[in-house]
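Dear colleague,

Please find below the structure that I am handing over to you. A short account of what was found in it follows.

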Amino acid sequence: MSRFLGISANWVFFFGKFSQFFAKTPPNNVKAFIRDIFRSVTKRDRMNIAIKKTTSTTAAILLAVFAFSTAIFGFSPEDPAVFRPSGSTWFKQSADESGSFSAVKWGMEGDVPVSADFDGDGIKDTAVWRPSTGVWYILRSTDGNVDHFTWGMTTQHPTGGLADVPAPADFDGDGRADIAVFRMDTGIWYVLTSTSGYDHRKAVFFPWGQFGDVPVEADYDGDGRTDFAVFRPLGNKWFISLSSTGEAKIATFGTSGYDQLVPADYSGDGRAEIAIFREGEWHTLDLASGSVESTIFGPATGTPAPADYDGDGEIDLAVFDRGMWYIFRSTTGELSTLQFGSDGDLPTSGHKARRSIVAVP
Ligand SMILES: [Ca+2]
Ligand SMILES: [Ca+2]
Ligand SMILES: [Ca+2]
Ligand SMILES: [Ca+2]
């Protein structure tokens with residue numbers, strides 16, 4: 001009986017949360033709210049499975065929960081994907097891992113890949129930002145239609161400063177990525193929100209950062225809305241503006257010049273951790289508890305591409321290195337390798353890693 005107690009407690013917790021959800025008006029970020037419920041439940045239940053080795057019946061129920069959450073709430077696994085700058089071709093591995101893949105030519109020489117889930121179906125849309133004109137070209141995954149918007153400074157600043165950095169993310173928390181750039185020259189964020197229908201007249205300008213800072217936007221407080229955040233190479237400081245309270249958080253973490261910045265929710269609690277990848281080492285800092293975790297995973301020369309590749313709602317450590325993928329799946333706790341893409345390709349699945357130092361022209 002005792003082996004079921006943990007599970008039962010979680011089910012009570014789950015239904016409690018669920019009825020609470022239906023009892024009141026759904027919050028704006030319904031998707032994030034539900035995702036949060038499932039994260040808490042599935043993580044605990046997985047722990048119970050691991051520790052108590054529960055019966056196959058229980059496991060079957062949990063699998064059903066996973067299937068249910070995947071079907072209804074969009075915990076679809078992300079597939080390894082790369083962008084090949086020469087020829088602007090996007091390659092995506094098929095979900096069944098049979099070795100088949102899709103390839104689409106999208107963009108032209110000099111374009112920056114900016115794939116994100118703009119239409120909110122849980123699948124990243126193929127998209128590029130053209131620095132020479134400031135136009136975003138988005139190929140929607142839902143219906144294959146094309147959207148384009150002009151947003152961001154074209155080429156480099158007339159004064160010879162730094163170019164804009166495209167930073168698409170869900171700042172308004174409606175489950176769809178917003179069109180955003182961080183102006184490195186001035187530290188101002190410019191956002192066309194999806195809730196406004198990408199209306200230029202309702203654009204959000206948010207001064208957060210200064211010349212030379214690197215954008216590290218992520219949902220650090222777990223309210224479903226991406227928080228404006230920058231990494232300041234001088235002093236290795238992270239400045240985060242929490243969307244839930246408007247509070248500013250400052251932390252010192254990482255070493256500029258050596259690290260790649262990869263903030264994401266590795267612990268599965270719904271809140272992103274401050275995180276860096278340094279030559280095969282991953283270091284994370286939990287903003288709320290201050291706890292630091294370190295893991296050695298992936299080749300030192302690789303590009304980190306953390307994402308939920310197994311679709312359990314939890315971010316998996318992953319590194320792309322010259323055509324090889326190294327993925328540490330959270331469901332099995334095992335390393336898997338995959339040959340996909342080639343040298344010079346840029347991984348487009350997962351969270352985009354940013355360099356911790358800015359090359360000033
Ligand atoms: Ca999509
Ligand atoms: Ca949005
Ligand atoms: Ca937030
Ligand atoms: Ca996972």
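**A hairpin and an open sheet**

In the hairpin of E1 and E2, Gly 87 adopts a positive phi near 95°, and four residues lie between the two strands. Please note that this is a predicted model.

The hairpin strands are E1, residues 81-84, and E2, residues 89-93; four bridges pair them in the antiparallel sense. Within this pairing, Arg 84 is placed opposite Thr 89 of E2. Strand E2 is also joined to E3, residues 101-105, by five bridges, and these two strands run antiparallel. Here Thr 89 has Lys 105 of E3 as its bridge partner. In general, the strands of a sheet pair through backbone hydrogen bonds, in either a parallel or an antiparallel manner.

A second region of interest is an open sheet of four strands, ordered E20-E21-E22-E23 with antiparallel pairing. Strands E20 (303-304) and E23 (334-339) each have a single partner strand, so these two stand at the edges and one side of each has no neighbour in the sheet. The partner of E23 is E22 (residues 324-329), which runs antiparallel to E23 and is joined to it by six bridges. One of the bridge pairs links Tyr 326 with Thr 337 in E23.

As to the chain as a whole, it contains three helices and 25 strands. Of its 361 residues, 39% count as buried. Among contacts with a separation of 6 or more, 37% are between residues 24 or more positions apart.

With kind regards

Terms used: Residues numbered from 1 in each chain as written. Chains lettered and ligands numbered in written order. Predicted model: local features only at pLDDT ≥ 70, side-chain atom pairs only at ≥ 80, totals over all residues. Buried ≥ 20, exposed ≤ 12 C-beta atoms within 10 Å, placed from the backbone. Contact = placed C-beta atoms within 7 Å. Pairing = 2+ DSSP bridges.
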